[in-house]
Structures are given as C-alpha cells and as structure tokens.
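Here is a guided walk through one protein chain. Keep the sequence and the 3D view side by side as you read.

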Amino acid sequence: MAPKTEKIGKQAAENTTAVNSLVGFRRSEVVKSLGMMAGYMAKQPKPFAKHVKNYAGELLDIVKGDSELSPHPKDRRFQDTTWQTNPLYKRGLQSWLAMKRELNGWIDDSRMHPADQTRARFVTDMLTDALAPTNTLLGNPTAMKRLFETGGGSLFKGLQNAYDDLRNNGGMPSQVDGRPFKVGENLANSKGAVVYKTEMLEVIQYQPKTEQVHKIPLMIIPPQINKFYALDLAPDKSMVRFLTSRGYQVFAVSWRNPGRQHAHWGLEEYVAALIEASDAVKKISRSPRLNVSGACSGGITMALFLSELAARGDNRVNAFTVMVSVLDGKKSDSEIGLFVTDGAIEAARKHSKRKGILTGEELGRSFAWMRPNDLIWNYVVNNYLLGESPPPFDVLYWNNDGTNLPSQLHSDYLDIFQDRRFRPDKDIHFLGHEIDLGAVSQDCFMVAGITDHITPWKACYRNIRLFGGEVDFVLSNSGHLQSLLNPPGNPKAQYFINPDHPARADRWLEAAESVSESWWLRWDKWLSERSGEMKAAPKSLGNKAFPPLSQAPGEYVFT
C-alpha cells in the first residue's frame, strides 16, 4: 500500500461503524441549524459585523502578501510545498483559512447557548471543509501535477472511478479496494465450525490452539450493525486467535443479515435466541457456566440478556466483558447527538418501519456525511482528482461489508436512546421482567476508547453505575474499532487504569495510571481468573447433539 493511501485508510479506519446513524440524524436538522445561526446574526449584528470586518482586513493583507496565516502542520491536505511557494495557491489557501477562522471567531463571540454553539461549529466545519481548495482539480496543486505527469491519465482514471461509484456505490466515493480480500480465506480464517444454527444466528466454535483449555467457555456477542468477523480479521490482529492461543474455549455468534421478511425481529427475539444459543454452548463445552463478551450494539443486547437471566434467577453467566458500548446515552454525549430531536427519532422509526429494514447502505452513507473530511473528501481527492484506487485496507473492507437492521430492532434501539431505559429509575419491562442491570452482580471487564467519537468514553464510563458487580474499567488510547484491534506487540498500544470510580469521568482520568502495552494482556489475566480450571482440549468440535454443520466462518457471514 502506498504511503499516502495507507494514511487515508488508517484515518478512515478510526471513523467506522455507523452506530450514530441509528438515532435519527437528518439533513433537515442541519438546515435548521443554519436558520438558528442566521437568527443569532440578526439578533446580535455587532459580533458578526466585527468578524466580517476582520475577514476583509485579512483579505487585504493576503492580497498584499502580508498575511501570516498558515494551515496546521499536521493537516495532510496541505503538505504539498506549492501551497507555500506559489503565490496564487498560497493566497487561495489563506483566504480559505481566514474565512474559517472568522466564522469560528464569530461563533465564540456570539453568546450562543453552548448547545447551539456546538451545532454551529459542526455545521460550519462541514461547510468549510466542503469548500476547501483541495477538493477541486484546479485548486489542488498535487492533482494538477499528477494531471501533467500522466498526460491526462489521472483525470481519465478519476472519471472512471467516479462513473463506477455512480453505478455501484450510490454516488459515494469508494473507501476501499476490496479485490485483495476474501472472507474465509485471508479474512475470518481462524479454524472452527458452525455447531449451532437457527434462522437468526449461527454459533461458531473455534479450534483450540493449546493442549489444555479453561473449563468455562467464552461466548462472543457481536453487534447486529456489522458482521462478526471484526474480531477475526488478519491473523496478526485477530482477537479470536489471541484467545484460542491463551487456552480459552471460544464461541462466536454470527447474526444473519436480515431481510424485509424479518422486520419483526426486535431485541426480545435476539435475546431469546442468545439464551438458546448459550444453552448449546453449555452442552457442547460441558460447562454449566460461561463467560460472555459484547461490543458496541452487541453490548446493549448482552446487557438485556444478562438482565433477563438475573430476573429468572439463572446464574449461567460467570463474568462478562463490555467493549466500546454506551448503555445510557445522552444527546449531549456527542455533537451529533445535539442534532437528534424527538421528531428526527420518530421520522427515523417510521422510515425503517415503512421499508421493513434499515439498510447497511443507508447507515454507511449517513454516517459518512457526519465525518465528511475523513470519509468523503479524502476519497474524492484520492479517487477522482488523483485518479488512484482507494486503499486495500482490511478494516475498511469489513466496515463496508454492511448489514441491515430489522425495523423492530431499529425501533428498540431508538427507545433505549430516547428513554434511557437502562437507568435504575425506569420501570421498563422486557420479556415479562423489569429491566434491572443492578441485579447483574457478576464481575465485569469494561473497555472504552479515549478518541472514540462513536461511543464516547465518558458515556461508556457511566455504564459502571448501572451494574451491581465489580467493574474493571480500562480506557484504551485509540478510537472505536482500533481500541478493539489492539494486539500485543503494537508499539503504540497504551491504556489507562484507575481502581477508584469517582462520579465524574474527568476525575477518573486525572488519577489514572498509564500502561504502555495492549489491554488484551490485562484482559487475559482477568479472564483467566474467571474461566475455571484447565482441562484437556476437546479433540473435535461440537458433539453428537450439535455436530459441525459447516466450516468457519459459517454461511450467514455471506448473506
């Protein structure tokens, strides 16, 4: 992979998984925010006039060559030396920087309500990034050089890429070259077999890599939003391979990609299916208890699974792990949340109900527009202006291998976000029992990512107050998915720990200790202490009642 496209791929990998699109972000809310900003301009003309005057003065300095404006040194859009050496390009860049600076200055000075200020900043960043000079052929010196170097070949290839995206990608620029990847061959290729299957899910048992294994197995519950093999990508960053090499019996759920005929599948159906799947895992492993792990929206499903078991007095779960999952989300957790109104939520609910599903394509497109600089304009420049192919990056391949959500499941997620249903002061019933995470008293290992904008770590930290057992909270020094794909040997691996859990997340971090290694090693120690004694590894997968049905990664991963 070329260095430039490798950087693009890694940056985009930090911005994957379209979970925020679930909660009803609409373009109409952006339009309303523009109206709100216009209202502040009318009510408070002096701050706006001040910054218009500043902008005009800066433009005069730019024309005279006296402006000292320059882009941030780490802004990779402006790394070409032409931005500094060519007077025309330099003045164009400085004019754009001046506009951006004065718009942000006006927002700071306008005495907006803090929430309105956040909305205004988000909207202006979106608009100014769209107007960046690098997003046009004539305005991008690197693209112009490539045009001349290739005798027009880069433009021809860029037009081909754009035409292909119009035909095959809904008009959105492709984020990944998927040709080098094949699920079951160089992705999701850990040895195992499907040992249990229903219309909704498959359970995959992985082949142990050690002669001895812990008696208590681990069942992984993935998100319904993406396919399960994020934790079994390339061998060097496969969590499945790490766990099997450490002596764990590993079982993973693979959800079926639902169609319109499955519109009625909601969280109650998913949790009931998990209970049945865990019955099979217990029988196959010959263990009355098991450990479970859930990530992102899979963590929400797992929390309801645990609450239901607690209500039934069923102690089959010995310990559990929650990864980058927000159970008690608030609109103020992220800038996107501030655009989510009750009307937007109901519109999103009606939209998926009318279609029967919320498609993976819709999720991906709406999320891309929430992070346009990383997930759209990067690829407009790379694919269309430079005429290059997008990077062949495994994380992005997985992220673009999207799934649908049944309309009932989508509606259930909206209810949880809108009503904050996991809070102890709520009286919400589920499968005939009251939801009560305080009754879940097993030990918990919890992971969040410090730069995660999808499930912000401070919102994840609130999960601690919901459960009734001991919690080991770990904060990884990465984003959403990169927090999970964090194997030992990664030189950038780092996490923070603090055994005390003050009410405020900021206070927790202030007193936290930094550890320069992968959190997988800490998790391994924690999990091994809660996985029972060692026994001989099974010689074959499944058993007589649950024989192997197909080889891993199963069949549902291809639906």
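Helices (H or I, at least four residues) and strands (E, at least two) are DSSP runs, numbered from the N terminus. With that, Leu549 can be placed: Leu549 sits in the loop between strand E16 (534–536) and strand E17 (550–551). This is a predicted model, in which local features need pLDDT of at least 70, side-chain atom pairs count only at pLDDT 80 or more, and totals for chains, interfaces and linings use all residues. Residues are numbered from 1 along each chain as its sequence is written, and side-chain values use heavy atoms, with hydrogens and water left out.

Stay with Leu549 for a moment. Contact means heavy atoms within 4.5 Å. Neighbours within four places in sequence aside, Leu549 is in contact with Val194, Tyr196 and Lys197. Asn463 is 86 residues from Leu549 in sequence. Their C-alpha atoms are 37 Å apart in space. After E17 comes a segment that holds Pro553. A cis peptide bond joins Ala552 to Pro553, with omega about 10°. Most peptide bonds are trans.

Now go to helix H3, residues 45–64. The expected span of a helix is 1.5 Å times one less than its number of residues. For the 20 residues of H3 that gives 28 Å, and the end C-alpha atoms are 29 Å apart, which agrees. Which residues of H3 are buried? Buried means under 20% relative accessible area, exposed over 50%, and partly exposed in between (1.4 Å probe, protein chains only). The buried residues of H3 are Pro47, His51, Glu58 and Ile62. They cover an arc of only 55° around the axis, so they lie on the same side of H3. That arc is taken from the directions from the helix axis to the C-beta atoms. An α-helix has 3.6 residues a turn, so residues three or four places apart point the same way. On the other side of H3, Lys46, Lys53, Leu60 and Val63 are exposed. The cover over the buried residues of H3 includes helix H5 (87–109). Gly65 follows H3 and has a positive phi, near 85°.

Beyond H5 lies a loop that leads to helix H6 (114–130), and Arg111 is in that loop. Arg111 is not a glycine, yet its phi is positive, about 55°. Most residues other than glycine have a negative phi. Arg111 counts as exposed because its relative accessibility is 65%.

Next, look at two helices that meet. Two packed helices are described by the angle between their axes and the distance between the axes. Axes are lines fitted to C-alpha atoms, for helices over the stretch in contact, and angles run from 0 to 180 degrees between N-to-C directions. The axes of helix H8 (residues 153–168) and helix H14 (residues 372–385) come within 7 Å and cross at roughly 120°. H8 and H14 are therefore oblique to each other. Angles under 35 degrees count as roughly parallel, over 145 as roughly antiparallel, 65 to 115 as roughly perpendicular and the rest as oblique. From H8, the contact uses Ser154, Gly158, Asn161, Ala162 and Asp165. From H14, it uses Asn383, Tyr384 and Leu385. Gly158 counts as buried, at 2% relative accessibility. Sequence neighbours within four places aside, Gly158 is in contact with Asn383, Tyr384 and Gly387.

What about the interior? A nonpolar core is a set of buried Ala, Val, Leu, Ile, Met, Phe, Trp, Tyr and Cys residues joined through side-chain atoms within 4.5 Å. The largest nonpolar core has 66 residues. Those with the most contacts inside this core are Val203, Val292, Phe305, Phe320, Phe422 and Phe473. Helix H10 (residues 267–285) gives the most to this core, with ten residues. Another core, of 47 residues, lies apart from it and has Tyr248, Val474, Leu481 and Trp523 among its members.

Lys282 lies in H10 too. Leaving aside neighbours within four places in sequence, Lys282 is in contact with Ser287, Pro288, Leu290 and Arg316.

Finish at helix H11 (residues 297–312). Its 16 residues reach 23 Å from first C-alpha to last, close to the expected 22 Å. H11 is mostly covered, with 13 of its 16 residues buried. In the loop between strand E6 (290–295) and H11 is Cys296. Cys296 has a positive phi of about 55° although it is not a glycine. Cys296 is buried, with a relative accessible area of 5%. Just after H11, Gly313 takes a positive phi of about 75°.
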